[in-house]
Amino acid sequence: MHKLGQVLDAESYEWLTANHPDLADAVEAEVKAGSQPDTIRRFVLKHTGGRFEISYRCEAAARYCKQQSER
């Protein structure tokens, strides 16, 4: 289900860029700085006081950014 995961991660990235562009930019910058997607999720979860939905959305977007940077 690798392809499905890639499409879902891309959807999360696109959602962030459309709805929270500053957050999408920050996620992308953190990935470029070497942060891992799961670390980003944990940070967002802690920083937002338990907003699971946005933390998982950020993790998926980070995976997408990481995949794009490895191409």
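Colleague: Which elements do the buried residues of α1 pack against?
Modeller: This is a predicted model. In it, the buried residues of α1 are Asp9, Ala10, Ser12, Tyr13 and Leu16. The elements they pack against are α2 and α4.

Colleague: How wide an arc do those residues cover around the axis of α1?
Modeller: An α-helix has 3.6 residues a turn, so residues three or four places apart point the same way. The buried residues of α1 are Asp9, Ala10, Ser12, Tyr13 and Leu16. They lie on the same side of α1, because the arc they cover is only 155°.

Colleague: Which exposed residues does the face of α1 turned away from its buried side carry?
Modeller: Exposed means over 50% relative accessible area. On the face turned away from the buried side of α1, the residues that count as exposed are Lys3, Glu14 and Ala18.

Colleague: What distance does α1 reach from its first C-alpha to its last?
Modeller: Count residues to start: α1 has 18. At 1.5 Å a residue, 26 Å is expected. The helix comes close to that, with a reach of 26 Å.

Colleague: Is Ser12 buried or exposed?
Modeller: Ser12 sits in helix α1. Buried means under 20% relative accessible area. Ser12 has 8%, so this residue is buried.

Colleague: Which residues is Ser12 in contact with, leaving aside its neighbours within four places in sequence?
Modeller: Look across to α4, which spans 52–69. The buried residues of that helix include Ala60 and Ala61. Both are among the contacts of Ser12, and the full list is Arg57, Ala60 and Ala61.

Colleague: Which elements do the buried residues of α4 pack against?
Modeller: The buried residues of α4 are Ile54, Ser55, Cys58, Glu59, Ala60, Ala61, Ala62, Tyr64 and Cys65. The elements they pack against are α1, α2 and α3.

Colleague: Which element gives the most to the largest nonpolar core?
Modeller: In soluble globular proteins, nonpolar side chains tend to be buried together. Here the largest nonpolar core has 14 residues, and Leu16, Val27, Ile40 and Cys58 touch the most other members. Elements giving two or more residues are α1, α2, α3 and α4. With six residues, the one that gives the most is α4.

Colleague: Which residues does Ile40 touch, not counting residues up to four places away in sequence?
Modeller: Ile40 is one of the core residues that touch the most other members. So are Val27 and Cys58. Ile40 touches both of these, and the full list is Val27, Glu30, Val31, Ser35, Cys58 and Ala62.

Colleague: Is Arg41 buried or exposed?
Modeller: Arg41 lies in helix α3. It touches Ser55, Tyr56 and Glu59, not counting residues up to four places away in sequence. Its relative accessible area is 16%, and the cut-off for buried is under 20%. Arg41 is therefore buried.

Colleague: How many helices does the chain have?
Modeller: From the N terminus on, the elements run α-α-α-α. There are zero strands. The helices come to four.

Colleague: What is the radius of gyration of the chain?
Modeller: The chain has 71 residues, for which the globule rule gives 11 Å. The chain's own value is close to that, so it is as compact as a globular protein of that length. Its radius of gyration is 11 Å.

Colleague: What share of the contacts with a separation of 6 or more comes from residues 24 or more positions apart?
Modeller: One such contact partner pair is Ser12 and Arg57. Over the chain, residues 24 or more positions apart account for 61%.

Key:
Residues numbered from 1 in each chain as written. Predicted model: local features only at pLDDT ≥ 70, side-chain atom pairs only at ≥ 80, totals over all residues. Heavy atoms only, no water. Core = buried A, V, L, I, M, F, W, Y, C linked by side-chain atoms within 4.5 Å. Buried < 20%, exposed > 50% of the residue type's maximum accessible area, 1.4 Å probe, protein only. Contact = heavy atoms within 4.5 Å. Expected span 1.5 Å × (residues − 1). Arc of directions from axis to C-beta. Rg over C-alpha atoms; globule rule 2.2 N^0.38 Å.
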